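Please look over the sequence and the model below before reading on. The text then goes from the pairing of strands to the whole chain.

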Amino acid sequence: MATTPTIAKAKTPAAKTDQTPESKSVPQVQVPGVSRREFLYYAWGASMALLLAQTGGWLIWFGLPRFREGEFGGVFSLAGSDLPILNNPPKDYPEGKFWLSNTDDGIAALYKVCTHLGCLFKWVGANDRFECPCHGSKFQKNGVYIEGPAPRSLDRFEITVVTNSGQQLVTNAAGDPVPVDSASVSQIRVNTGKRIKRDGKV
Ligand code: FES
């Protein structure tokens, strides 16, 4: 009996499985980076650094002198020889807007603006006093009020008197003249950035 040849059944390829990229197992690669917590930490640190830098900048800005020496608003350094002779007429320093007076009361730097309405008063040698041309206020050589509509004596700038021995005498809070022997004065520093108003007509 003839045998029927058996036909080998061709192997069918295995049924295709779902091969979408999503289904492939992708190896997990750790990407270096920062976590949310780290990011916030760094942002906070950067903000603080910026704030400190700004604060430091402002401190330096305000700490530096804003006016140079020798310009109005800054310090004027005068030699002892620049001091007027005791009870002689005061010396005019137009760049610093002050009169330097030397009387029995001491040394004072008088702001050149009248305390009434701001006119520039003048030294009138014939009357040995300051007189304001606007409304007639008058002041003594040391800046003390005499008469007129001015509400107070002349304003003074803070001065530092350096003596030959190195002692430093500074104008007090009331702006009184600095009492010192003229012969012992080595240097006078007038701070035109520090104006002291007199308390009334004294
Ligand atoms: S402004 Fe000097 S008296 Fe008036």
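Two strands count as paired if DSSP finds at least two bridges between them. In this predicted model, strand E2 (residues 91-93) meets that condition with E3, to which E2 is joined by 3 bridges in an antiparallel arrangement. Across this pairing, Leu100 in E3 has Lys91 opposite. The link between E2 and E3 is a hairpin with 4 residues between the strands, and Lys97 in its turn has a positive phi of about 60°.

On to the next strand along the chain. E3 also pairs with strand E4 (residues 106-111), again in the antiparallel sense, over 6 bridges. One of the bridge partners is Gly106 in E4, which is matched with Thr103. Here the hairpin has 2 residues between its strands.

How much of E3 is covered? Strand E3 spans residues 98-103, and 6 of its 6 residues are buried. Phe98, Leu100 and Asn102 point to one side of E3, while Trp99, Ser101 and Thr103 point the other way; residues of both sets are buried. For the protein chain as a whole, buried residues account for 32% of the 202 residues.

The wider setting of these strands is a protein chain with 1 helix and 11 strands. In sequence order the pattern is α-β-β-β-β-β-β-β-β-β-β-β. Of the contacts between residues at least 6 apart in sequence, 47% join residues at least 24 apart. The protein chain has an accessible surface of about 13700 Å², and carbon and sulfur atoms contribute 58% of that surface.

Notes: Residues numbered from 1 in each chain as written. Predicted model: local features only at pLDDT ≥ 70, side-chain atom pairs only at ≥ 80, totals over all residues. Heavy atoms only, no water. Buried < 20%, exposed > 50% of the residue type's maximum accessible area, 1.4 Å probe, protein only. Contact = heavy atoms within 4.5 Å. Areas by Shrake-Rupley, 256 points an atom, 1.4 Å probe, with all protein chains shown as cover.
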